[in-house]
Amino acid sequence: NVTRVVVSINAVVSDPSWSPSGDRIYYTSTQSGSTQAYSVSLAGNDILKLSNSTTGLFQLEASRATQNFAALDFRYDGYHLGFAPTAVEGVASGTGVVGARSRCSTCRITAAVIAPIAQPDLPPARPYSAWKSLIPRYWDPLITFASGTGNVFGAATSGEDIIGRHSYYAQGGFHTKYHETDAFVAYKYAGLGQPYINTSAKQTFDHFSLVNAAGADVGSLSRRARIFDLSASLVRPRARTYASLALGGEMEVRDYTTDPDTLLRKLPALYSRTLNYPSVFATGSWSNVQRPSLSISREDGIALGTTVRRRWRTGDAATASNSVIGTVAAYKSLDLPGFSHHALAARAAGAIADDNAISAFSAGGVSGGSLDIISGVSIGADRRTFGVRGFPPSAERGIRALGGTAEYRAPISAPSSRIPFVPLLFDKISVATFGEAGRAWCPVSAGLSIGVCNGSTRSQPWLASVGAEADFDTAVQYDVATRFRLGFAVPVLNRAAVKAKSVSFYLAVGSAF
């Protein structure tokens with residue numbers, strides 16, 4: 001039961017703690033515009049303002065043994081932990097509850113809290129409509145420059161209604177070299193609570209060189225893919241575990257053109273048709289991994305994930321193809337010297353598709369994420385299931401794939417400071433040493449027709465590398481938490497087979513896994 005209310009105001013009130021004498025309560029509030037420290041008597045008849053921090057004071061806590069209290073002072077370069085005497089004289093700030101003054105039963109506080117909107121003041125009720133708040137309010141330019149493959153210019157926008165039932169994202173780009181348009185649009189409906197309904201559509205283009213019997217380049221083949229996706233996803237977040245499940249279907253429509261166009265009729269007849277590839281899939285994940293706030297890595301737990309897909313070509317039941325991808329990652333903290341735990345991390349992944357597969361798995365490259373540094377300009381790369389640092393991206397392709405990584409991660413320092421005149425805060429710095437291996441290949445049984453396998457993808461060797469990296473946990477513009485990884489990798493197995501460099505350096509965004 002509520003015994004007594006001592007503060008009731010139209011502001012954020014948080015972090016309450018008792019004074020050493022037990023006759024007052026310390027707390028923080030935004031009632032003055034920024035978060036400041038206050039104290040109030042148990043009767044609630046006076047409030048004392050204890051701080052006047054420019055940017056805010058948080059988590060006030062009094063000492064039982066000394067006449068001091070500790071707090072966090074938020075400044076331009078981060079949080080500062082400090083202490084001050086509890087005997088500091090506060091500035092009277094009125095009373096917490098609107099009502100009679102303690103020594104005057106007929107007196108009332110002159111600055112009363114404004115009452116909520118009364119029922120008679122409300123306009124007539126009408127059914128909720130999301131359209132007004134869903135209208136796009138912005139657009140971002142998307143610009144990609146790539147030597148040899150042309151440039152892409154486009155734009156993106158998104159929207160969400162005010163209560164979060166509907167949300168969408170859309171982008172499009174024009175390719176200046178091939179005069180083609182890439183597009184992507186996604187929509188999510190959360191009005192059911194669970195499951196979430198997700199749908200998306202995208203158009204992409206891929207280009208391949210055409211050679212004659214003598215090996216000379218005679219033109220190019222362009223493949224357009226239009227992919228439509230519909231799925232329902234369930235999530236189960238708990239204090240110690242997190243699980244998710246998504247079930248859905250997909251339709252991929254492929255057609256082909258050649259340059260010059262006369263080459264198309266010289267290719268197998270299949271390339272002159274529009275090919276439809278429907279599929280159904282299920283994706284699940286489960287994790288009990290911990291990530292303490294001062295840690296440099298995930299700790300003490302495992303994370304599991306799997307995706308199962310069945311795909312076929314419309315009108316030809318013999319083309320049905322099944323694929324399975326599975327991943328497992330494990331983490332263990334080590335209580336060694338440093339500002340946080342050291343950590344051992346390991347990850348393994350495997351994938352298999354049957355001989356009718358129309359898409360290949362790939363091995364090689366640096367795994368990470370991407371970050372928009374300014375509008376329309378991003379750095380980083382995609383998350384890779386079978387990444388092998390030190391080797392080119394997709395150095396190997398096939399309908400079988402295996403990969404594994406082991407890392408030792410150690411803390412270096414926690415500067416929690418910024419670079420002058422740069423909107424970048426450095427929170428923690430750590431290092432990691434790693435060993436990584438991966439392979440993607442086609443078995444001898446794979447066909448050589450329209451499938452993804454050909455002679456060059458058979459008997460692909462294992463790729464392996466070792467290296468080290470420095471990891472910088474930062475905050476861009478203070479509130480966008482980002483990890484930058486600066487490292488090097490040395491191929492130790494089959495470097496010449498895929499023409500990899502003897503040593504490669506990389507800058508990646510996000511964790512490896």
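**Strands, rings and cavities in a predicted model**

User: Which residue takes a positive phi in the hairpin of β3 and β4, and how many residues lie between the strands?

Analyst: Gly44 takes a positive phi, near 75°, in this hairpin, which has five residues between the strands. The model is a predicted one.

User: What makes β3 and β4 a pair of strands?

Analyst: Two strands pair if at least two bridges are found between them. β3 and strand β4 (residues 47–49) have three bridges in the antiparallel sense, so the criterion of at least two is met. Within this pairing, Tyr38 stands opposite Lys49 in β4.

User: How do you know that β2 and β3 pair, and which residue of the hairpin between them takes a positive phi?

Analyst: The cut-off is again at least two bridges. Strand β2 (residues 24–29) and β3 pair over six bridges, in the antiparallel sense, and therefore satisfy it. Ser29 stands opposite Gln36 in β3. The hairpin has six residues between its strands, and there Gly33 takes a positive phi near 110°.

User: Why is strand β3 called mostly covered?

Analyst: A residue is buried if its relative accessible area is under 20%. In β3 (residues 36–41), six of the six residues are buried. The covering applies to both faces: Gln36, Tyr38 and Val40 are buried on one side, and Ala37, Ser39 and Ser41 on the other.

User: What makes β5 and β7 edge strands?

Analyst: β5, β6 and β7 form, in that order, an open sheet of three strands with antiparallel pairing. β5 (57–62) and β7 (78–85) each pair on one side only, and they are the edge strands. From one strand to the next, the twist averages 20°. β5 and strand β6 (residues 68–75) are joined in the antiparallel sense over four bridges, and Leu57 stands opposite Asp73 in β6.

User: How many aromatic pairs are there, and why is the one of Tyr256 and Tyr271 called edge-to-face?

Analyst: The count comes to nine aromatic pairs. Tyr256 and Tyr271 are 4.9 Å apart centre to centre, with 80° between the planes. Ring centres must lie within 6.5 Å, and planes over 60 degrees apart count as edge-to-face, so both conditions hold for this pair. The pair links distant parts of the chain, as Tyr256 is in strand β17 (residues 242–259) and Tyr271, 15 residues apart from Tyr256, is in the loop between β17 and β18 (275–287). Separately, Phe58, Phe74 and Tyr79 form one aromatic cluster.

User: Are Tyr256 and Tyr271 buried or exposed?

Analyst: Tyr256 counts as buried because its relative accessibility is 10%, under the 20% limit. Tyr271 has a relative accessibility of 18% and therefore also counts as buried.

User: How do you know that the charged ends of Arg254 and Arg439 sit over rings?

Analyst: CZ of Arg has to be within 6 Å of the ring centre and within 35 degrees of the ring normal. The charged end of Arg254 sits over the ring of Tyr277, 5.5 Å from its centre. For Arg439 over the ring of Trp441, the distance is 4.0 Å. Both distances therefore satisfy the 6 Å limit.

User: How many cavities does a search of the whole structure find, and what lines the largest cavity?

Analyst: The search finds two cavities of 30 Å³ or more. The volume of the largest cavity is about 80 Å³. Its lining residues include Arg347, Arg384, Phe386, Glu436 and Phe513. Strand β26 (residues 400–413) gives the most to this lining, with three residues.

How values were computed: Residues numbered from 1 in each chain as written. Predicted model: local features only at pLDDT ≥ 70, side-chain atom pairs only at ≥ 80, totals over all residues. Heavy atoms only, no water. Axes fitted to C-alpha atoms, helices over the stretch in contact; angles between N-to-C directions. Phe/Tyr/Trp six-rings, centres within 6.5 Å; stacked < 30°, edge-to-face > 60°. Buried < 20%, exposed > 50% of the residue type's maximum accessible area, 1.4 Å probe, protein only. 1 Å grid on protein atoms, 1.4 Å probe; cavity = no way out; pocket = protein on both sides within 12 Å on 5 of 7 lines; lining within 4 Å. Points joined across faces, edges and corners; volume = space filled by probe spheres on them.
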